[in-house]
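Here is a quick tour of two spots in this structure. Have a look at the picture first, then read on.

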Amino acid sequence: MTRKPFILQSPSILVVLAVLAVFTVAVTVLSHAYGSGVIPTSTVKVFGMTLCLALAAVAMDLVWGYLGILSLGQMAFFALGGYMIGQWLMYARTESIVAVQLAQSPIPPTALELQEAVANQIFGVVGSADLPLVWSFAHSLPLQMLLVVVVPGLLALVFGWLAFRSRVNGVYLSILTQAMTLALALWLFQNDSGFRGNNGLSGLQNLPGLEGVDQATLSVWFLWASAAALGVFYLLAAWVVSGKFGSVIRAIRDDETRVRFLGYPVEGFKLVVFTLAAMITAVAGALYYPQAGIINPAELMPIASIYLAVWVAIGGRGRLYGAVIGAVVVSLLSSWFTGGRAPDLNLGVYVVNWVDWWQVALGLSFVLVTLFAPKGIAGIFDRLAGVMPPSRRGLDLGADQGALQEQEAKA
Amino acid sequence: MSALLEVSGISKSFDGFKAINNLSFSINAVELRAVIGPNGAGKTTFMDIVTGKTTPDDGEVRFGENGRSLLKMNEAQIARAGIGRKFQRPTVFEDQTVADNLTMALKADRNPFAVLGWRPSRKSQARVLALADEVGLSAQLTRRAGELSHGQKQWLEIGMLLASAPRLLLVDEPAAGMTLAEREQTTTLLCKLAETRAVVVVEHDMDFVRRLNCKVTVLHQGSVLAEGSLDHVTRNPNVIDVYLGR
């Protein structure tokens with residue numbers, strides 16, 4: 001029972017950070033912008049986006065693996081983060097383009113004229129020329145960056161407070177979270193929601209003020225930023241689950257009622273974790289969409305959040321590195337198999353075309369992992385480290401399920 | 001001496017069935033009390049009401065010197081006010097070590113942010129060691145609670161109750177599934193605990209209650225049928241009729 005800094009309590013934290021650093025350096029020296037150019041810019045972007053997805057998975061693991069809430073609306077926070085940063089990206093870029101155009105007119109434009117021209121340019125596509133109220137802060141990068149964490153955080157806080165206070169649990173809570181993200185998506189799909197309806201926000205890969213920097217360089221910068229965010233928030237998440245707080249949230253996952261009788265305000269703990277996870281997810285989203293270049297309401301459809309849950313399940317719930325591994329492995333495999341580059345599998349009687357069959361394979365592996373390896377890929381590391389659950393096969397020797405089993409008694 | 005817990009005239013019905021019917025009960029700050037009654041007498045509902053799990057339709061529950069009403073408080077607040085509950089089935093957190101289980105139960109600020117910043121101190125570690133020693137689990141501190149035997153889990157849960165130092169302890173059928181030796185150990189522990197606090201033992205094993213040698217409250221159909229020493233209540237014709245006669 002000696003006290004160790006939390007970083008040293010489990011070697012996994014240092015291993016993850018080291019692997020992340022090596023990966024980032026390796027991609028950098030192989031990139032077009034800073035090295036040999038072996039890795040094309042589009043692949044650097046895929047890597048950067050994958051790191052963002054891994055960060056979202058870490059947050060999902062906090063909520064699901066540690067707190068026990070299977071949130072099927074986690075990607076709503078991811079997309080909201082993307083929308084918030086996208087507003088500034090789109091506004092500032094449009095403003096610079098429009099300003100150049102208007103400068104050619106005989107009378108220099110007023111600030112109001114400029115704003116109207118920007119609004120016309122952005123919202124012409126949905127038949128509107130006014131800047132909606134939700135774009136009030138779009139001119140300011142610091143404000144929109146603040147909104148990246150504030151808006152999803154507030155949504156999580158209010159939603160969580162309502163749901164947890166009513167003690168909605170288990171599958172009902174999962175359905176509620178799914179309904180939340182679906183409702184949000186349907187609202188965003190409307191043209192008058194103020195977020196350009198199903199067109200979404202586009203051109204996000206161009207950073208205003210950095211027109212002179214090419215995409216090859218930008219992609220590496222975003223890779224660095226994504227890796228830094230993953231590193232920092234991985235540390236934060238590891239710290240949160242390391243001490244008594246981690247103990248309490250795992251206890252809530254296993255037996256919420258008992259934790260209440262120990263005097264812990266269960267709802268408060270759930271709110272803290274849920275809101276923190278939403279904010280982390282939003283940061284991941286804000287870094288993801290500038291690399292993807294476009295965001296639209298389809299990103300909020302429940303299926304995206306279900307994928308996130310599948311990654312965490314395959315990687316290993318309740319292990320932060322498991323979430324990272326799951327997200328990286330499965331999302332990279334997904335893009336490889338669905339990208340049409342995977343060779344077809346010739347079974348003799350039938351040729352498996354991976355573009356069509358990948359979803360089936362993924363679904364099947366999810367079922368198999370749930371049934372046979374509930375700890376996912378991380379379970380392999382547990383096994384290597386010798387952390388084994390006691391074998392509980394054999395006859396009961398005592399009064400109830402917790403009683404000593406035949407085999408344990410022999411040992 | 002004023003009562004620590006004062007339950008007056010509570011009623012609770014579930015779908016028309018009166019589980020608790022105008023029940024009144026009080027216990028002093030230092031007292032051991034056994035509550036007995038046949039199945040369906042309302043023992044568990046009574047505990048649920050005191051610990052905040054169930055809200056009564058009618059009546060009043062007051063706790064402590066200031067007579068604070070418990071009805072407006074939730075389970076966690078009641079637990080923090082000093083009422084501990086031991087369930088019939090041992091409920092420990094099986095995925096975590098014995099030390100973690102005990103640490104979680106230690107008396108400390110329960111606010112999420114305070115818990116987030118909490119780190120073990122020399123004092124807290126010493127307390128965990130002392131508690132583990134007291135319940136005979138000092139050799140198991142780093143084992144996961146799920147690996148313990150049934151009896152050890154019971155003791156771990158008792159250790160967790162001791163850690164939170166409640167002023168009133170509600171114990172649900174402590175003797176269930178215990179061997180004779182374990183029962184004697186449990187009896188000794190309960191009597192010792194009752195020297196410094198109020199302990200309510202809900203039990204329907206008459207032999208066990210006799211060992212406790214304390215005041216007995218007999219429940220029947222949701223209200224108090226008789227109260228007094230065990231010999232006194234066992235002579236009560238009503239009690240013989242509804243409970244002991246069977």
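One bit of vocabulary before the sheet: two strands are said to pair if DSSP finds at least two bridges between them. Keep in mind that this is a predicted model.

In chain B, 6 strands make up an open sheet with mixed pairing, and their order is β6-β7-β8-β3-β9-β10. β6 and β10 of chain B sit at the edges with a single partner strand each, so one side of each has no neighbour in the sheet. On average, neighbouring strands here are turned by 20° against each other, direction ignored.

At the β10(B) edge, the partner is β9(B): the two run antiparallel and are joined by 5 bridges. In that pairing, His220(B) stands opposite Ser223(B) of β10(B).

What packs on this sheet? Helix α1 of chain B does, touching β3, β6, β7, β8 and β9 of chain B, and its direction makes about 150° with that of β7(B).

Here are the elements of that packing:

| Element (chain B) | Residues |
|---|---|
| α1(B) | 43-50 |
| β3(B) | 31-36 |
| β7(B) | 168-172 |
| β8(B) | 198-202 |

Over in chain A, helices α6 (residues 141-165) and α11 (residues 266-292) pack at an angle of about 150°, with axes 8 Å apart. That angle makes α6(A) roughly antiparallel to α11(A). The crossing is right-handed. Among the residues making the contact are Trp161(A) and Phe164(A) from α6(A), and Phe274(A) and Met279(A) from α11(A). The contact residues divide into 15 nonpolar, 4 polar and 3 charged.

Conventions: Residues numbered from 1 in each chain as written. Chains lettered and ligands numbered in written order. Predicted model: local features only at pLDDT ≥ 70, side-chain atom pairs only at ≥ 80, totals over all residues. Axes fitted to C-alpha atoms, helices over the stretch in contact; angles between N-to-C directions. Helix = DSSP H or I, 4+ residues; strand = E, 2+ residues; numbered from the N terminus. Parallel < 35°, antiparallel > 145°, perpendicular 65-115°, else oblique. Left-handed = near helix turned anticlockwise from the far one by under 90°. Contact = placed C-beta atoms within 7 Å. Nonpolar A, V, L, I, M, F, W, Y, C, P; charged D, E, K, R; others polar.
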